[in-house]
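Grab your favourite viewer and work through a few exercises on salt bridges, a ligand site and one odd backbone angle. Try each task before you read its solution.

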Amino acid sequence: MLISRKIEIDYGHTLPNSFSFCNQLHGHRGVIVATVEGPVIERDGDAEEGMVMDFKFLRQIMDEHIHDLLDHGFAVWKEDKEDLEFILRRNSRVLVTDEPPTAEYLAKWAFNQIMGKLPEGVTLKNLRWYETPNNWADYDGQ
Ligand SMILES: Nc1nc2c(c(=O)[nH]1)N=C([C@H](O)[C@H](O)COP(=O)(O)OP(=O)(O)OP(=O)(O)O)CN2
């Protein structure tokens with residue numbers, strides 16, 4: 001059985017080599033959807049009986065390992081020296097990325113952030129990162 005949980009964060013980024021306005025310092029209301037798979041718990045009297053896992057716990061994992069690292073923060077590429085220097089001076093919440101902080105990169109980053117944090121028997125199947133309501137990336141670990 002698959003279940004999904006969505007969280008939303010506000011973050012800034014820039015793609016310095018982009019030919020479009022994405023090369024500006026700008027922000028997004030990111031929407032992040034984690035889809036996990038596991039058996040439905042059937043233990044009588046278990047607080048999670050009838051669930052793959054409690055949505056509440058999935059949210060806690062996403063909040064701690066994604067939201068709390070980037071919400072109201074800025075994702076900046078390590079090679080983008082000029083912006084990196086400014087952002088590190090200006091912001092206390094900064095995600096320094098190995099590659100340009102595209103939706104693709106952030107989907108992979110978020111997947112890896114929560115992959116090993118799930119309960120036994122529950123696996124992360126997909127991480128969807130909406131950069132805008134119309135633009136998103138999916139990462140399934142491949
Ligand atoms: N494959 C990717 N393409 C682009 C990315 C990306 O992460 N992966 N990012 C950007 C920009 O950061 C930009 O924020 C998105 O630009 P745009 O397509 O103009 O988004 P809009 O929300 O303005 O588009 P709508 O169609 O109005 O939703 C660019 N490309």
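Below are four exercises, each with a worked solution.

Before you start: this is a predicted model, so local features need pLDDT of at least 70 and side-chain atom pairs count only at pLDDT 80 or more, while totals for chains, interfaces and linings use all residues. Residues are numbered from 1 along each chain as its sequence is written, and side-chain values use heavy atoms, with hydrogens and water left out.

**Exercise 1. Salt bridges between strands**

Task: Find which residues pair with Asp10 and Lys125 in salt bridges, and work out which elements they join.

Solution:
1. Set the criterion: a side-chain nitrogen of Lys or Arg within 4 Å of a carboxyl oxygen of Asp or Glu. A search of the whole structure with it turns up 8 salt bridges.
2. Start with Asp10, whose side chain meets that of Arg29 at 2.8 Å, N to O. Asp10 sits in strand β1 (residues 2-13) and Arg29 in strand β2 (residues 26-37), so this pair ties together parts 19 residues apart in sequence. (Helices, H or I with at least four residues, and strands, E with at least two, are DSSP runs numbered from the N terminus.)
3. Check the exposure, where buried means under 20% relative accessible area, exposed over 50%, and partly exposed in between (1.4 Å probe, protein chains only). Asp10 is partly exposed at 25%, and Arg29 is partly exposed at 44%.
4. Look for a network: Lys6, Glu8, Asp10 and Arg29 are linked in one by salt bridges.
5. Now take Lys125, which pairs with Glu37, the closest N and O atoms being 3.5 Å apart. Lys125 is in strand β5 (residues 123-132) and Glu37 in strand β2, so the pair ties together parts 88 residues apart in sequence. Lys125 is partly exposed at 38%, as is Glu37 at 30%.

**Exercise 2. A pair inside a helix**

Task: For the salt bridge of Asp63 with Arg59, decide whether each partner is buried or partly exposed.

Solution:
1. Get the distance: the closest N and O atoms are 3.0 Å apart.
2. Place the pair: Asp63 and Arg59 are 4 residues apart in helix α1 (residues 55-70), about one helical turn.
3. Read off the areas: Asp63 is buried at 17%, but Arg59 is partly exposed at 40%.

**Exercise 3. Around the ligand**

Task: Describe the ligand's shell and find polar side-chain atoms facing the ligand.

Solution:
1. Collect residues with a heavy atom within 4 Å of the ligand. Among them are His13, Cys22, His26, Thr102, Glu131 and Asn135.
2. List some N/O distances. Polar side-chain atoms lie 3.4 Å (His26) and 3.1 Å (Asn135) from an oxygen atom of the ligand. A ligand nitrogen atom is 3.0 Å from an N or O atom in the side chain of Glu131.
3. Work out the burial: taken alone the ligand exposes 630 Å², and the protein buries 52% of that. These areas come from the Shrake-Rupley method with a 1.4 Å probe.
4. Map the shell onto elements: β2, α3 (103-114) and β5 each give two or more residues.

**Exercise 4. An unusual phi**

Task: Say what sign phi has at His72, and where His72 lies.

Solution:
1. Recall the background: most residues other than glycine have a negative phi.
2. Check the angle: phi of His72 is near 60 degrees, a positive value in a residue other than glycine.
3. Locate the residue: His72 lies in the loop between α1 and β3 (73-77).
4. Finish with the exposure: His72 counts as exposed at 62% relative accessibility.

How values were computed:
A polar contact is a pair of N or O atoms within 3.5 Å; within protein, one must be able to donate a hydrogen and the other to accept it, and residues adjacent in sequence count only if both atoms are side-chain atoms.
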